[in-house]
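Subject: The structure you asked about

Hello,

Here is the structure, ready for you to open beside this message. Have a look around first, and then read on.

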Amino acid sequence: MQDSYKQQGQRLQMCRNLRAKGITDESVLSVMEKVPRHWFMDSALVEHAYDDQALPILCDQTISQPSTVAFQTQLLGVKPGMKVLEIGTGSGYQTSILCELGAKVFTIERQKGLFDKTKSLLWSLRYTAKCFLGDGYKGLTEVDYAPFDRVIITCGAPYIPQPLMDQLKPDGIMVIPVGNEQQEMLRVTKRQGEEPLIEHFGNCRFVPMLGNVQYKYQ
Ligand code: SAH
């Protein structure tokens, strides 16, 4: 896979723009400068890979826009070695960013076409994220992967799914866009013996988190 000087330059510029948009976490900025976003999308769209926009991928889904990936990742506060559950693998771009930050990543996708394509892409890029085909509303109950330090949801959820809260460690953090047509970005901190702390970070728009799929892990 290619990564030209021009594309590396575009990534540098993308990161300058992310700074201007308020991203301050240096570890997030440096991994976003490193990972070629154009590897995670259709070759017909690569010239737009470093524009700050969501772009179509398989199965009528989208790769999140760079500023959204940066913002969610910054809110998540990932440290090396943390166990992170991602709902909505999609293109795998967000997954790769989490891996580059040193997290042990578990990611769930409900669309078989995307699951297959992205699982093999991540593998070919030597990312060791564990990919699951299944229903993100349920998280990972069947095997002993939970609890997680962090949970990130990359589709618009109508509410905060309780199984995902249950699978979060005490003091763990979930970043989730909640709403129907439009969502609000929430950071939810689980606290022992207390209600979770919910912080609000403005409006956003994601493809919907869909339910009612048969759960199957592999
Ligand atoms: N992180 C991805 C975002 C992809 S868009 C990226 O940057 O490419 C959101 C993804 O969530 C879509 O691929 C969609 O199929 C998936 N999704 C929607 N509902 C889901 C559910 N209930 N469980 C798992 N994945 C779901």
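Below is what turned up, going from the helices to the cores and then to some unusual backbone spots. Please keep in mind that this is a predicted model.

**Two helices side by side**

Let's begin at the N-terminal end. Helix 1 covers residues 5-20 and helix 2 covers residues 26-34; their axes lie 8 Å apart and make an angle of about 155°. Because angles over 145 degrees count that way, helix 1 is roughly antiparallel to helix 2. Their crossing is right-handed.

Which residues make the contact? From helix 1 come R11, L12, M14, C15, L18 and R19, and from helix 2 come E26, L29, M32, E33 and K34. Sorted by type, the contact of helix 1 with helix 2 has six nonpolar residues, five charged ones and no polar ones.

**The nonpolar cores**

In soluble globular proteins, nonpolar side chains tend to be buried together. Here the largest nonpolar core has 45 residues, and the members that touch the most others are L18, M32, F40, V84, Y93 and I97. You will recognise L18 and M32 from the contact between helix 1 and helix 2.

Where does this core draw its residues from? At least two residues each are supplied by helix 1, helix 2, helix 3 (66-76), helix 4 (93-100), helix 5 (112-124), strand 5 (130-133) and strand 7 (168-178).

V84 is a nice one to click on. Leaving out residues up to four places away in sequence, V84 touches L76, V78, L98, A103, K104, V105, F106, F148, R150 and I152.

Another core, of 21 residues, lies apart from the largest one; I153, A157, I176 and V188 are among its members.

V188 also has I198 as a neighbour: not counting residues up to four places away in sequence, I198 touches I160, L186, R187 and V188. I198 sits in strand 9 (residues 197-204). Is I198 buried, partly exposed or exposed? Its relative accessible area is 38%, and since buried means under 20% and exposed over 50%, I198 counts as partly exposed. I198 and I153 are 45 residues apart along the chain, and their C-alpha atoms are separated by 15 Å.

**Helix 4**

Helix 4 deserves a look of its own. Seven of its eight residues are buried, which leaves the helix mostly covered. The buried ones are Y93, Q94, T95, S96, I97, L98 and C99. Y93 and I97 also appear among the best-connected members of the largest nonpolar core, touching the most other members. After helix 4 comes G102, with a positive phi near 95°.

**Unusual backbone spots**

Most residues other than glycine have a negative phi, and most peptide bonds are trans. A few places here depart from that pattern.

- D60 is not a glycine, yet its phi is positive, about 60°. D60 belongs to the loop between strand 1 (55-56) and strand 2 (62-63), and at 75% relative accessibility it counts as exposed.
- R126, also a residue other than glycine, has a positive phi near 70°. R126 is in the loop between helix 5 and strand 5, and its relative accessible area of 60% makes it exposed.
- A146 and P147 are joined by a cis peptide bond, with omega about 5°. P147 is in the loop between strand 5 and strand 6 (148-153).

Happy browsing, and do write back with any questions.

Best wishes

Terms used:
Residues are numbered from 1 along each chain as its sequence is written. This is a predicted model: local features need pLDDT of at least 70, side-chain atom pairs count only at pLDDT 80 or more; totals for chains, interfaces and linings use all residues. Side-chain values use heavy atoms; hydrogens and water are left out. Axes are lines fitted to C-alpha atoms, for helices over the stretch in contact, and angles run from 0 to 180 degrees between N-to-C directions. Helices (H or I, at least four residues) and strands (E, at least two) are DSSP runs, numbered from the N terminus. Angles under 35 degrees count as roughly parallel, over 145 as roughly antiparallel, 65 to 115 as roughly perpendicular and the rest as oblique. A crossing is left-handed if the near helix is turned anticlockwise from the far one by less than a right angle, and right-handed if clockwise. Contact means heavy atoms within 4.5 Å. Ala, Val, Leu, Ile, Met, Phe, Trp, Tyr, Cys and Pro count as nonpolar, Asp, Glu, Lys and Arg as charged, and the others, Gly among them, as polar. A nonpolar core is a set of buried Ala, Val, Leu, Ile, Met, Phe, Trp, Tyr and Cys residues joined through side-chain atoms within 4.5 Å. Buried means under 20% relative accessible area, exposed over 50%, partly exposed in between (1.4 Å probe, protein chains only).
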